[in-house]
Amino acid sequence: MSTGHALRSSALCGLRSWAILGVTAIIVFLTLGIWRLFPVYPDEIFYRALVSHAFFEGFQRTSVWSFCGGSGQTISVPYVFYPAATIFAGNSLIEDLSYNRVIAAVTMASCFFMLWVAMKRLVSSNGEFGPAASPQTWLSAPTLIFCSAILLCCLGTIPATLAMVRAETGIYVLVASLVLSFACWKQSAARSILAAGFVLLVFTVSLFQHPKALYFLPAVAVAMYALLWNHSRLACVAALSCLAWAGADGYWLNKVQFLSCPEIPLYEAHVRSYNIDVVKLFSDPGSFVSEVFQNIGPERFLKIARKTMFIDGYDANYLPPVKGGIFPEITNSVIGICWIFLISVSVGVVVWYLYKITVSLRAHPKTLCSTDERVEYIGMLALYAGAIAQILFNKPSWFYDCSYWFWILIFLAAPSSLRVLKSQLAAGNYAIKQLVVCSFCLVLFSSILSTALSAVAFYQAFKSGFGGPGIPIVTMNPTAMKLSIERVLAQCELPSTAPRLMVDDLTYPFVQRSYKPISASYAIALTSPQEALIRAKALGSSGMIFSCSSSAAFPNLSFKEDGGICCTKFSQ
């Protein structure tokens, strides 16, 4: 091949890569444009309160179930979570609800950046399997697989929305950082120590935010070993010890504040209905296995896939229903094909990892993690195990949980597929290259259909103020809302910093400086309004301020009103 022809081929490949990235970017921006109209939901707001108040309240955290336990289920934050509490403290400085969308978009961008760096590292010269690899061979394959991952994550609006702005946000960064660690763990001592510190910090932040991060503790342990063992065994032992400390205290913290409420039986039954109790594996193995098998029937997996599609009703009315028709049916069919494609890839790469580890163990039976490839395979298997365990142990399968699992599987499948296909692509296998191209075209087609249907089905509903159980940002005037809250608080003779105010999702962002506020939404969800009132007063609540639509639940109280916001002061 002449030099000129080689340069022209390289330039054409470069143009194709930019075209692929450009089309992907356009679809993502269109999706985010619709997503920006989504209402802000209760879990987004009060989970933010839960984690951000600890720093200002002497590193104490109050449970989201405010009426459980002594003094509103307030417990001291373990020292290992002080950095996480400090990071989340910044949330208390912001009143604008659209901040939730900004944080989610930044999280998405950072995760995609780490995924791209990991995939580029997997095809770099440091990671070649043989001399057959060439820069031109690698120019398009990583781009196609990476863009497929992005488009799958942004498929329509359903998988890309609620899961990204709920309490699982930190877990996305954790998974992406672990994928990057297993792709780039052969670094200098200084970089490895910094990377290990970052992963450990992200793990504590994620676990402080949500107990689901515990499922990825084994993968984090493998990452600590991979990054530190060959550089400093003392640092590795210290990191693993800190990880064990964070895992134990994180389990205790979340169990007390999320997973138990013996004082209120209805609460207790509710929180225990979320997941299969893993502790039963040791206390009652037979019951545990029986519950797991009851939870993994084929109808449940069909239900999970369906909940990420355009359907006629969503859990808790989180989204407006989509009317049936040819367009939704075609789009849902293509999304279903994407699910089949994603599951097939996931199963295939897990089998491939197990095969490679078995072959490596036969060649080096006395060592488990000594060879370069083996530690990567074990780490990725640990990530898959964490994701699969969540699917197996979760009971309700709310549609935002289904979307969250969809994202995690994509993050794992994209770099794993590149690992599996690497040697074939390096050898110039035409069939494999065509498979990669066809897979991208399928994902691109499904994303275009989903984005178009989202614009038709959701846009007008959001624009006209649909909120479901949340608050429509697009129709909200934060300045007017703040003035109404300030005026009605003045009428009630309550400062915005009054202790333990009962608030709802609409008013909380404007009275964040209240000491240990109580969520009225959660307070009356599983207790009667009168019982909630008695319990709130017993905890020292000074009053309540929320949307006037909630005041009907308390007919015996006298409220002041301004701009649709009502408040009352409790007599001491």
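# Notebook: a predicted model, looked up residue by residue

I began with K516, which is buried, as its relative accessible area is 4% and buried means under 20%. The model I am reading is a predicted one. I found K516 in the loop between strand 3 and strand 4, the latter covering 518-519. Its phi is near 50°, a positive value in a residue that is not glycine. I noted this because most residues other than glycine have a negative phi.

**Entry: a second positive phi.** I looked up R500 next. R500 sits in the loop between helix 20 (478-491) and strand 3 (502-503). R500 has a phi near 55°, again positive in a residue other than glycine. Is R500 buried or exposed? R500 is buried, because its relative accessible area of 4% is under the 20% limit.

**Entry: the whole protein.** I then stepped back to the totals. I counted 22 helices and seven strands in the protein. Of the 572 residues, 55% are buried. The exposed surface comes to about 23,900 Å², and carbon and sulfur atoms supply 66% of that area. I also checked how far apart in sequence the contacting residues are. Taking contacts between residues at least 6 apart in sequence, 78% join residues at least 24 apart.

**Entry: the cores.** Which residues have the most contacts inside the largest nonpolar core? I found L178, F208, L383, F411 and L412 in that place, in a core of 131 residues. Helix 17 (residues 399-426) gives this core its largest share, 17 residues. Apart from this core lies another, of 23 residues, with F67, Y267, L533 and F554 among them.

I followed F208 further. Leaving out residues up to four places away in sequence, F208 touches V51, A54, R61, V77, F81, A84, A85, F88 and L253.

**Entry: helix 17.** Since helix 17 gives the core its largest share, I read along it. How many of its 28 residues are buried? The number is 25, and I wrote the helix down as mostly covered. From first C-alpha to last, helix 17 reaches 40 Å, close to the 40 Å expected at 1.5 Å a residue. I also recorded a bend of about 45° at V420 in helix 17. Just after the helix comes G428, with a positive phi of about 75°.

A413 is a residue of helix 17. I list A413 as buried because its relative accessible area is 5%, under the 20% limit. Not counting residues up to four places away in sequence, A413 touches L342, V345, S346 and Y384. I also looked up A413 and S344, which are 69 residues apart in sequence and 9.8 Å apart from C-alpha to C-alpha.

**Entry: helix 18.** Helix 18 covers residues 430-457. At its start, I found a side-chain oxygen of N429 reaching to within 3.1 Å of the backbone nitrogen of A431. What span should its 28 residues have? At 1.5 Å a residue the helix should span 40 Å, and the end C-alpha atoms are 40 Å apart, so the two agree.

I compared two residues of this helix. S446 lies in helix 18, and F445 is found there as well. S446 is buried, with a relative accessible area of 1%, whereas F445 is partly exposed at 45%. The label for F445 follows because 45% falls between the 20% and 50% limits.

Leaving aside neighbours within four places in sequence, S446 is in contact with L155, V334 and C338. V334 came up again when I looked at F445. F445 and V334 are 111 residues apart in sequence, and their C-alpha atoms are 8.3 Å apart in space.

**Entry: helix 7.** My last stop was V173, in helix 7 (residues 169-183). V173 has a relative accessibility of 16%. I count V173 as buried because 16% is under 20%. Beyond residues up to four places away in sequence, V173 touches T107, S110, C111, M114 and V202. V173 and V199 are 26 residues apart in sequence and 9.2 Å apart in space, C-alpha to C-alpha.

Terms used: Residues numbered from 1 in each chain as written. Predicted model: local features only at pLDDT ≥ 70, side-chain atom pairs only at ≥ 80, totals over all residues. Heavy atoms only, no water. Helix = DSSP H or I, 4+ residues; strand = E, 2+ residues; numbered from the N terminus. Expected span 1.5 Å × (residues − 1). Polar contact = N/O pair within 3.5 Å; in protein donor to acceptor, adjacent residues only side chain to side chain. Core = buried A, V, L, I, M, F, W, Y, C linked by side-chain atoms within 4.5 Å. Buried < 20%, exposed > 50% of the residue type's maximum accessible area, 1.4 Å probe, protein only. Contact = heavy atoms within 4.5 Å. Bend = angle between axes of the 7 residues up to and from the residue. Areas by Shrake-Rupley, 256 points an atom, 1.4 Å probe, with all protein chains shown as cover.
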